[in-house]
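Colleague: I am new to this model. Please take a close look at the charged side chains that pair up, and then show how the parts around them fit in.

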Amino acid sequence: MFVIITYDVSESRVNKVRKVLKKYLIWTQNSVFEGVITEAKLYKCLSEVNKIMDKREDSLYIYKVENPQNLSKDVLGICKNPEDMFL
């Protein structure tokens, strides 16, 4: 499945959350990750993130797209995917 994850976490935890998400998905913009992932890997990823987050202060949204062929993406301005810098 294709997922988009957005998050808003305390500055003291943001780098830890980003580091975990980066193991599983592509960092496309500040506080946004996306990519194809299995249900099992998504569960493992969210389990790791859950250990870092403080649910009284932080939030994380998961958008699941079961059929990525029904999704289109347009980017206005600069594409901020840092992975593209290392060709």
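**Charged pairs and their surroundings**

Modeller: Arg13 has a relative accessible area of 15%, and because buried means under 20%, Arg13 counts as buried. Keep in mind that this is a predicted model. Side chains of opposite charge can pair when their charged atoms come close. The structure has six salt bridges, and Arg13 takes part in one of them, with Glu57 as its partner. The closest N and O atoms of Arg13 and Glu57 are 3.1 Å apart. Arg13 sits in the loop between β1 and α1 (14-24), while Glu57 sits in the loop between α2 (39-52) and β4, so this salt bridge ties together parts that are 44 residues apart in sequence. Glu57 has a relative accessible area of 55%, and since exposed means over 50%, Glu57 is exposed. The pair therefore joins a buried Arg13 to an exposed Glu57.

Another of the salt bridges is formed by Asp54 and Arg56, whose closest N and O atoms are 3.1 Å apart. Asp54 is buried, at 16% relative accessible area. Arg56 is exposed, at 76%. Shared partners also make a network of salt bridges, which joins Arg13, Glu57 and Asp58.

Lys73 and Glu34 form a further salt bridge, with 2.7 Å between the closest N and O atoms. This pair also links distant parts of the chain: Lys73 belongs to the segment after β4 and Glu34 to strand β3, 39 residues apart. Lys73 is partly exposed, with a relative accessibility of 49%. That value falls short of the exposed class because exposed requires over 50%. Glu34, in contrast, is buried, and its relative accessible area is 14%.

The strands named above can be placed next. Strand β1 (residues 2-8) and strand β3 (residues 32-36) run antiparallel and are joined by five bridges. Strand β1 is also joined to strand β4 (residues 59-65), here by seven bridges and again in an antiparallel arrangement. Thr6 can serve as a reference point for both pairings. Facing β3, Thr6 stands opposite Val32. Facing β4, Thr6 stands opposite Tyr61.

Tyr61 leads on to the aromatic side chains. The structure contains three aromatic pairs. One of them is made by Trp27 and Phe33, whose rings are stacked, at 6.3 Å centre to centre and 15° between the planes. The angle explains the label, because planes under 30 degrees apart count as stacked. Trp27 and Phe33 are both buried. Tyr61 and Tyr63 make another pair, with centres 6.4 Å apart and planes at 40°, and this pair is tilted. Tyr61 is partly exposed, with a relative accessible area of 47%. Tyr63 is partly exposed as well, at 43% relative accessibility. Ring pairs also bring Tyr7 together with Trp27 and Phe33 in a cluster.

To return to the charged pairs: Arg13 with Glu57, Asp54 with Arg56 and Lys73 with Glu34 are among the salt bridges to look for in the model. In each case the buried partner can be found by name: Arg13, Asp54 and Glu34.

How values were computed:
Residues numbered from 1 in each chain as written. Predicted model: local features only at pLDDT ≥ 70, side-chain atom pairs only at ≥ 80, totals over all residues. Heavy atoms only, no water. Phe/Tyr/Trp six-rings, centres within 6.5 Å; stacked < 30°, edge-to-face > 60°. Buried < 20%, exposed > 50% of the residue type's maximum accessible area, 1.4 Å probe, protein only. Pairing = 2+ DSSP bridges. Helix = DSSP H or I, 4+ residues; strand = E, 2+ residues; numbered from the N terminus. Salt bridge = Lys/Arg side-chain N within 4 Å of Asp/Glu carboxyl O.
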